[in-house]
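Open the model in your viewer, colour it by secondary structure, and follow the selections below in order.

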Amino acid sequence: MQVYKNSQELIDQIRESYHKFIDEYEGISDDVADERIDQVDKTPREMLSYQVGWINMILSWEKAEAGGANITTPTPGYKWDQMRELYHDFNIKYGSDGIQNEKAELGSVVAELIEWIDNMSHDELFKPGERKWATTKAMWPVAKWIRINAVSPFNNYSRQVRKWKNFNLRDKKPVNS
């Protein structure tokens with residue numbers, strides 16, 4: 001697992017992996033974003049919704065804790081063994097307003113995530129037990145939650161979107177006459 005020396009390294013990795021991911025959406029429009037292929041587990045829209053959903057969820061945990069609320073993880077109405085259902089709800093909530101709007105929403109939540117990280121102390125980010133919502137049996141620091149739910153999926157999904165495009169769009173390219 002990647003270990004970061006400081007918040008700037010984490011921020012740089014988020015930016016880099018986010019840009020790799022979002023750049024893969026070039027040429028993907030609403031009329032094809034939901035097309036499923038056997039070679040890739042999720043559609044491009046589902047991958048986008050997953051990212052928007054998870055980053056929003058992490059930010060909501062932080063806001064709830066800062067406001068003194070009790071946090072239910074992953075989110076009220078869902079247990080950790082109900083991720084498939086949660087991801088379906090992400091698709092409904094974030095994926096129904098058009099791929100361009102969803103890409104804009106992702107850009108906005110990534111900017112908010114980076115701003116939050118930039119304002120955290122080193123201990124808050126890298127020391128386990130600094131946030132109630134991040135305190136589990138595993139005792140992960142906040143940075144690991146961010147890596148697992150933002151950086152790693154951006155890296156994985158950028159490869160998956162590229163693979164999806166290679167299989168799905170190669171036969172749909174316009175022919176020059």
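The tour goes through one helix and then two helix pairs.

This is a predicted model, in which local features need pLDDT of at least 70, side-chain atom pairs count only at pLDDT 80 or more, and totals for chains, interfaces and linings use all residues. Residues are numbered from 1 along each chain as its sequence is written, and side-chain values use heavy atoms, with hydrogens and water left out.

Select residues 142-168, which form helix 6 (helices are DSSP runs of H or I, at least four residues, numbered from the N terminus). From first C-alpha to last, its 27 residues reach 37 Å, close to the expected 39 Å (1.5 Å times one less than the number of residues). Centre on I148, where helix 6 bends by about 35° (the angle between axes fitted to the seven residues ending there and the seven starting there).

Add residues 7-23, helix 1: its axis and that of helix 6 come within 8 Å and cross at roughly 25° (axes are lines fitted to C-alpha atoms over the stretch in contact, with angles from 0 to 180 degrees between N-to-C directions). Helix 1 is therefore roughly parallel to helix 6 (angles under 35 degrees). Show side chains: L10, Q13 and F21 are among the helix 1 residues that meet helix 6, where the partners include A143, F154 and V161 (heavy atoms within 4.5 Å).

Now select residues 44-66 and 99-118, helix 2 and helix 4, which pack at about 35° with axes 9 Å apart. Residues meeting here include R45 and L59 in helix 2, and E102 and W116 in helix 4.

Terms used: Helices (H or I, at least four residues) and strands (E, at least two) are DSSP runs, numbered from the N terminus. Angles under 35 degrees count as roughly parallel, over 145 as roughly antiparallel, 65 to 115 as roughly perpendicular and the rest as oblique.
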